[in-house]
Amino acid sequence: MQRQDQIDDDFGQGVRRARVTGVFIGLAVLLVVFAVANLCIGSLTVPLQDLGAILTGHDTESTYYQVIWNIRLPRLIAAGLLGGALALAGFLLQTFFNNPIAGPYILGISSGAKLVVALMMIVVVGNAGVMTSGMLILAAFVGSMIAMIFVLLVSRRINSMSMLIVAGVMIGYICSAATDFLITFASDANIVNLKNWSLGSFSGINWSDIGLMTVVVLASSGAVFLLSKPMGAFQLGEQYARSMGVNIRLFRIALILLSSLLAACVTAFAGPISFVGIAVPHLVKRFLATSKPLVVVPAAFLGGGIFCLFCDLIARSVFAPTEVSISAVTAIFGAPVVIAILLHRQKRVEQ
Amino acid sequence: MSAEFVLETKDLTVGYDGTALINGVNIEVKAGKIVTLIGPNGAGKSTILKTIAGHLEKVGGAVYLSGRPFEKLTAHDVSLELSVMLTERLRTELLTCADVVETGRYPYTGRLGILSDDDREKVREAMEMVHVWDLRARDFMQLSDGQRQRIMLARAICQEPRTIMLDEPTNYLDIHYQIELLNVLRHLVSTRGVGVIMSLHELPLARKVSDHIICVKGDSIVAQGPPEEIFTPAVIDELYDLEPGTFDPVSGNIELDPLPS
C-alpha cells in the first residue's frame, strides 16, 4: 500500500484522482438536482414532499401520479439518455477527425438522419401504417450513415479542419431543405407532429419508446467505453496508434458505426439537437483537466444527460405553455462554448 | 531470440501508391547495434522507415522482424517488436508528459489500458533514462520542441521493443541535446540489447554513434558499410553532390567559396 501511495505521488496521481472524483461527485449531484427539478416543475407543480410517494408507486390515484409517470418521467429518461448519447457521438467524431468542433449536428449527420426518418414517416403513415421505435432508429441510422459517408468522402479529399466543418454544414443544409420540402407537401394531419420533431423536441416521448432507446443507447455507450484504450492511443495520431498495436481499420469502422448509431438514436426520437456533442465533451475535459477517454467517456455521458435535462427544463418552462424547440436552447448555451474553443485555439496558434 | 537480425529487409521496394521510388533496399539490424540512414533531403530516408513500420504500403520485397515476415504478424505482434519516434509534430490536448509516455505501455495493459505498478515503474525508468522525469506533470503542449522530442523517445523506450525506429530524432534539438540523445541511444543499445534504425542529418554525429551506415540517394541505396568505410571524401562527396575538398567527413570541417573581390 505504501508503495502504491509512493507511485501515485510520483505521478501526481493523488491530485488527479481527487479531481476526477470531485468532478464525478459534482455530476452525480447535478443529475439528481435536475432530475428532481424536471419532475416537479411544469404547468402543474408537484410538491417535493409528494415526489417520493409517487415514485415508489403510492398515491396512484392523484393527478400528480399521472403527470409524473405518463409524461415527465419518460421524458426525463429520454432527455438523460439521448443527451448522453449525443455527447458521446460528438466525442467520437472529435477523436476520429482530430477536430475539436466536430459533432453529429455540425457535420450534417443529424440532418441526414432527419431526412430519412421524415421520408419513411410520410411513406408509412401515408399508407396508414404505424412507425415503431425500431423502424425509427433504423431509418435514422440509414440517414446518418449516408451523411457520414459524404463527410468521409469530403475529408479524404481535403485535409483542412475548417473545410470539413463547412462541408458538414452544407450537407446539413441540403438535408434540412429536403426535409422541409417533404413536410410542406405532406399535408396529412398525421404529419403535423413531424414539424415539431424536425426542429428537435423531447415532448411526446412515451414508455413504448423508452425500452428500445435504453437498450440501444446503453449498449453503444458501453461499447464506446470499451474503446477508451485505442482512443487514447489514437489521440497521438494514427501512426503512433498503429505502432502501439491498434488495428486502425477496425477501430475506424467501430468509431463510425457507433457515432452514427448514437446520433441516429437521438434524431429518431427527439429530432436533431445542436451543439451538445461539441460543448459537453469540451467542458468535461476542462473540468477533468485531462482528455483521457477512460474518464472522459463516462463523464461526457453524464454531462450530456445533465445538459439536456437542464435545456429541456428551460425549453418547456420559460415560455410556458408554449414550448421552445430544444435545439434553440442547446444552441444558446452550446454555441458560446464553440466560440470559446475557436478563440482559445487561435490564441495558441499565435503563440 | 533465434533470429540473427531483429529487423531485416530483403529487396524491399518502397514508394507511393504502388509507384516504386527506391529499389533493392536491403537492411540488416542486429540486436545491440545502431544502423543509420544518411543521404540528401528528399532522398527517401523517411519513406524507407515508414514502409518498414507498415505506415506505408510496400511496393515489393519483404520485411522481417526477428526473422518473421511482417505480413504474418498482427498489429500487436509488431508493437512488441518495433516502436517508433516520428518526426511529425504531435498536437495533444490536456495530456501530461507522463500520459504521453504511458501510451508506450499500450501493448502490455488490459482491455481498458490501466497501468499496473510495474508498468509505472517502466515509465519512470524510461523517463529517467532520457532525463525528463521532472517534466512528468507538465502539459505536453507547453514544452519546447526539444523537450517533446525527448518525451517521445521515452515513450518509444518504455514500449520495450526489440527495435526502436527514429526518424530524424535530432530535429529541433540543439547540439547539447543532440549529444545527450545519442548517448541515451548508445546506453540503451548496450544495456538492453535493443536494435536501433534511424535517419540522421548530422554526419559527424552519425559517424560517431552508428555501427553501420546506409547511404540513400535517388532510386537506390548507393553504399552501405561501417562508418570508417563510408565517411571518406569519395563516398560522401558523391552522396551529397559536393565539390571535392569542400567538406571533410571526418572532422566535419567545411570550405566555402571565396567571396568575389
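## Exercises on a predicted two-chain model

The model is predicted.

**Exercise 1. How many residues does each chain bring to the contact, and which helix of chain B gives the most to its side?**

Solution.
- Step 1: Count by chain. Chain B brings 29 residues and chain A brings 27 residues.
- Step 2: List the elements of chain B with two or more residues on its side. They are helix H2 (75-81), strand S7 (82-85), helix H3 (97-102) and helix H4 (117-129).
- Step 3: Pick the top giver. H2(B) gives the most, with four residues.
- Step 4: Sort chain B's side by residue type. It has 14 nonpolar, eight polar and seven charged residues.

**Exercise 2. Which residues touch the most other members of the largest nonpolar core?**

Solution.
- Step 1: Take the core of 101 residues. A:Leu82, A:Leu88, A:Ala140 and A:Cys265 touch the most other members.
- Step 2: Find the main giver. Helix H4 (residues 63-97) of chain A gives the most, with 16 residues.
- Step 3: Follow A:Leu82. Beyond four places in sequence, its contacts are A:Cys265, A:Val266, A:Phe269, A:Ala270 and A:Cys308.
- Step 4: Look for another core. A second, separate one has 72 residues, including B:Val29 and B:Ile157.

**Exercise 3. Why is one side of S7 and of S11 in chain B left without a neighbour in the sheet?**

Solution.
- Step 1: Write the order. The six strands of this open sheet run S7-S8-S9-S4-S10-S11 in chain B, with mixed pairing.
- Step 2: Check the edges. S7 and S11 (220-225) of chain B stand there with a single partner strand each, so one side of each has no neighbour in the sheet.
- Step 3: Add the twist. It averages 15 degrees from one strand to the next.
- Step 4: Zoom in on one pair. S4 (residues 34-38) and S10 (residues 212-217) of chain B pair in the parallel sense over four bridges. B:Val35 stands opposite B:His212 in S10(B).

Conventions: Residues are numbered from 1 along each chain as its sequence is written. Chains are lettered from A and ligands numbered from 1 in the order in which they are written. This is a predicted model: local features need pLDDT of at least 70, side-chain atom pairs count only at pLDDT 80 or more; totals for chains, interfaces and linings use all residues. Two residues are in contact if their C-beta atoms, placed from the backbone, lie within 7 Å. Ala, Val, Leu, Ile, Met, Phe, Trp, Tyr, Cys and Pro count as nonpolar, Asp, Glu, Lys and Arg as charged, and the others, Gly among them, as polar. A nonpolar core is a set of buried Ala, Val, Leu, Ile, Met, Phe, Trp, Tyr and Cys residues joined through C-beta atoms within 7 Å. A residue is buried if 20 or more other C-beta atoms lie within 10 Å of its own, exposed if 12 or fewer, and partly exposed in between; C-beta atoms are placed from the backbone. Two strands pair if DSSP finds at least two bridges between them. Axes are lines fitted to C-alpha atoms, for helices over the stretch in contact, and angles run from 0 to 180 degrees between N-to-C directions.
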